[in-house]
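Please look through the structure shown below. The report that follows takes up a few of its helices and some single residues.

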Amino acid sequence: MTSRPLSFLDTTLRDGEQSPGCSMTVQEKLQMARALDALGVDVIEAGFAIASDGDSRAIGSISREVRGPCIASMARSCKEDVEAAAQALKQARRSRIHIVLASSDLHLQYKLRITRSEALERAASSVSLARDCVDEVEFSPEDSTRADPDFLCQMVAVVIDAGATVVNLPDTVGYCIPAEYARMFEVVRSRVPQASQVVLSAHCHNDLGLAVANTLAAVSAGAQQVECTINGIGERAGNAALEEVAAAMLVRKDQFPYTHSLQLNHLYPASQLLAETVGFGPQPNKSVVGRNAFAHEAGIHQHGMLANPLTYEIMKPELFGVPHHPIVLGKHSGRRALAHRLQELGVALDGADLDRAYERFIELADRKKAIFDLDILALVPAEKRTATQVQFALRSCEAAHSG
Ligand code: MN
């Protein structure tokens, strides 16, 4: 089997930021974008330019300073949105406008109050306007999984003729099951001859816990781009988790013979940085990046692991940059153990700074049953933390580019 390339679009800074409690400052977005660059994603969807001045400035500074990936802004299907996106993306090395317009009758009738033919006209004119402003134009027929398939195919053909280079088929409301989602890609590919000229993309939500399964089904059915977020954050129940899709690609290469540009060992640092930024981490049993993802508690499992890790481990934590923790931190731990864990988290502390952090650590360990990485990061003074985390991201970035 020959490998084909698969692109990763990360939308942590757009769809992810739309989840409750996840809004980020311009500086935080830039820092996160650097971590995504080190991770090697192909496209960073950096925000929704017209939504706010902050979003527009964040897209602008990411465009200027993050030069690896293509930078994208979302836009509704109208002139003002496309122009605002183009303006924010002006300094990007490579730029993309991602235009969204409803495709289901439910959305067209009740949300936009326009007819199907008005929708087709709007889609075509905004795509052709965007085509003149940026390198790539992505179009998403919103709520495509509940649209009439005939109309959906018509819309896809119209936007490709108008100049779209990527067509995303989003399961906006997390309604689909994997076989159905795969079938939709097959239907579009077989009925729209132009579809072979563009990149088809999958964008799934986790309302039924199927976002990653649906994404993988779409890839098997011909999608060449997947849209994900770190830690699976996103509207409502979230988006497909990037780390889970990437892990499935790695562990099940036999089923997914695709090449991609991700540096997998940057996944855990990106996950930790996001957790710190938004103030909450993934649930403990979350695959790949959750605290218990590689923990073995049961005696029988521990015995098997000691005899041969393959007995209970399908992937090694180190591959994803998850630090191996032979030392459990608690109130009996010393300064050196704390400094070591901080080092693993990208923070170098010594002297009086370390003494202060250690004092606070012992106080905390007296009160709390389990000490997590986020607790440990919280011991570090904020200004120190931001600076060191930035250095960490930069070092990772340098290592990725020199390695
Ligand atoms: Mn979405």
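In helix 2 (residues 26–39), the buried residues, meaning those under 20% relative accessible area with a 1.4 Å probe and protein chains only (exposed is over 50%, partly exposed in between), are Lys29, Leu30, Gln31, Met32, Ala33, Ala35, Leu36, Asp37, Ala38 and Leu39. Because 10 of its 14 residues are buried, helix 2 is largely enclosed by the rest of the structure. Helices (H or I, at least four residues) and strands (E, at least two) are DSSP runs, numbered from the N terminus. The model is a predicted one, in which local features need pLDDT of at least 70 and side-chain atom pairs count only at pLDDT 80 or more, while totals for chains, interfaces and linings use all residues. Residues are numbered from 1 along each chain as its sequence is written, and side-chain values use heavy atoms, with hydrogens and water left out.

Helix 2 is followed by Gly40, whose phi is positive, near 90 degrees. The table sets out the spans of two helices, where the expected span is 1.5 Å times one less than the number of residues.

| Helix | Residues in helix | Expected span | Distance between end C-alpha atoms |
|---|---|---|---|
| Helix 2 | 14 residues | 20 Å | 20 Å |
| Helix 6 | 16 residues | 22 Å | 23 Å |

In helix 6 (residues 116–131), the end-to-end distance agrees with the expected span. The buried residues of helix 6 are Ala119, Leu120, Ala123, Ser126, Val127 and Ala130. Seen down the axis of helix 6, these buried residues fall within an arc of 145 degrees, so they line one face of the helix; the arc is that of the directions from the helix axis to the C-beta atoms. They pack against helix 4 (79–88), strand 5 (95–102), helix 5 (105–112), strand 6 (136–142) and helix 7 (149–162).

Two packed helices are described by the angle between their axes and the distance between the axes. Axes are lines fitted to C-alpha atoms, for helices over the stretch in contact, and angles run from 0 to 180 degrees between N-to-C directions. Helix 2 and helix 11 pack at an angle of about 170 degrees, with their axes 9 Å apart, and are therefore roughly antiparallel to each other, a word used for angles over 145 degrees. The contact (heavy atoms within 4.5 Å) involves Glu28, Gln31, Met32, Ala35 and Leu39 of helix 2, together with Leu267, Ala270, Leu273, Leu274 and Thr277 of helix 11.

Helix 13 and helix 14 (residues 351–367), by comparison, have axes that come within 10 Å and cross at roughly 105 degrees. These two helices are therefore roughly perpendicular to each other, the term for angles of 65 to 115 degrees. Arg335, Leu338 and Ala339 in helix 13 meet Leu354, Asp355, Ala357, Tyr358 and Phe361 in helix 14.

Turning to single residues, Ser271 has its place in helix 11 (residues 267–278) and is buried, with a relative accessible area of 0%. Leaving aside neighbours within four places in sequence, Ser271 is in contact with Ile230, Asn231, Pro282 and Val289. Val156 lies in helix 7 and counts as buried at 1% relative accessibility. With neighbours within four places in sequence again set aside, Val156 is in contact with Val167, Leu169, Val188 and Val192. Asn308, in the loop between helix 12 (299–307) and helix 13 (335–344), is partly exposed, with a relative accessible area of 34%.

Notes. Angles under 35 degrees count as roughly parallel, over 145 as roughly antiparallel, 65 to 115 as roughly perpendicular and the rest as oblique.
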